Amino acid sequence: MEENFDPDLIHAIFKLVWSRRSKRVEGNEGIDLEGGASTSKKTRATTANASALKVSCELLRLFVAEAIQRAGLIAEAEGIDIIEPTHLERVLPQLLLDF
């Protein structure tokens, strides 16, 4: 079985991004990230269930594996045995378009 990202880590990252994004929405007016079951879209808590986290972890794993593979091909074409940051920088634009 292949290694996967920890769902708790991915959930923590998502929560961090959601909290930062909500702070920018309408100048923090009435936003409660950990709020109760409110019907207002502004105050409703953003969550991810276990299935969504599992799929997100798999998507991230595939994305990273593909980035490494593409960067490895460029490094190999240059005759280098080690992937350097410049190799990743060169493959990321097309990789982002492909995903």
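# A tour from His 87 outward

Begin by selecting His 87, which is placed in helix 3 (residues 85-98). The model on display is a predicted one. His 87 counts as buried because its relative accessibility is 0%. Show next the residues around it: leaving aside residues up to four places away in sequence, His 87 touches Ala 71, Ile 74, Ala 75, Glu 78, Ile 80 and Ile 82. Draw a distance between the side chains of His 87 and Glu 78, and a polar contact of 2.7 Å appears. Then add Arg 70, which lies 17 residues from His 87 along the chain; the C-alpha atoms of the two are separated by 8.4 Å.

**From Glu 78 to Arg 90**

Keep Glu 78 selected and add Arg 90. Their side chains meet in a salt bridge, with 2.4 Å from N to O. This pair links distant parts of the chain, since Glu 78 belongs to the loop between helix 2 and helix 3 while Arg 90 belongs to helix 3, 12 residues apart. Glu 78, at 40% relative accessibility, counts as partly exposed, and Arg 90 counts as partly exposed at 49%. Glu 78 thus has a polar contact with the side chain of His 87 and a salt bridge with Arg 90.

**The Arg 70 site**

Now select Arg 70 together with Asp 98. The closest N and O atoms of their salt bridge are 2.8 Å apart. Here too the pair links distant parts of the chain: Arg 70 is in helix 2 and Asp 98 in helix 3, 28 residues apart. Asp 98 has a relative accessibility of 44% and therefore counts as partly exposed. Where do Glu 78 and Arg 90 sit, for comparison with this pair? Glu 78 is in the loop between helix 2 and helix 3, and Arg 90 is in helix 3. Add Glu 66 to the Arg 70 selection, as salt bridges with shared partners join Glu 66, Arg 70 and Asp 98 into one network.

**Along helix 2**

Select Glu 58 and Arg 61. These two form a salt bridge whose closest N and O atoms are 2.7 Å apart. Both are in helix 2 (residues 50-77), and because they are 3 residues apart there, about one helical turn separates them. Glu 58 counts as partly exposed at 29% relative accessibility, whereas Arg 61 counts as buried at 16%. A search of the whole structure finds 4 salt bridges.

Extend the selection to the whole of helix 2. At 1.5 Å a residue, its 28 residues should span 40 Å, and the end C-alpha atoms are 41 Å apart, which agrees. Colour its buried residues next: Leu 53, Ser 56, Cys 57, Arg 61, Ala 67, Ala 71, Ile 74 and Ala 75. They pack against helix 1 (7-24) and helix 3. Among these buried residues, Ala 71, Ile 74 and Ala 75 are also touched by His 87.

Move to the ends of the helix. At the N-terminal end, Asn 49 caps helix 2, with a side-chain oxygen 3.1 Å from the backbone nitrogen of Ser 51. Just after helix 2, Gly 79 takes a positive phi of about 80°.

**The whole chain**

Finally, clear the selection and view the entire protein. Its secondary structure comes to 3 helices and 0 strands, in the pattern α-α-α along the sequence. Buried residues make up 15% of its 99 residues. Of the contacts with a separation of 6 or more, 51% are between residues 24 or more positions apart. With a surface representation, the protein exposes about 7700 Å², of which carbon and sulfur atoms supply 58%.

Terms used:
Residues numbered from 1 in each chain as written. Predicted model: local features only at pLDDT ≥ 70, side-chain atom pairs only at ≥ 80, totals over all residues. Heavy atoms only, no water. Helix = DSSP H or I, 4+ residues; strand = E, 2+ residues; numbered from the N terminus. Buried < 20%, exposed > 50% of the residue type's maximum accessible area, 1.4 Å probe, protein only. Contact = heavy atoms within 4.5 Å. Polar contact = N/O pair within 3.5 Å; in protein donor to acceptor, adjacent residues only side chain to side chain. Expected span 1.5 Å × (residues − 1). Areas by Shrake-Rupley, 256 points an atom, 1.4 Å probe, with all protein chains shown as cover.
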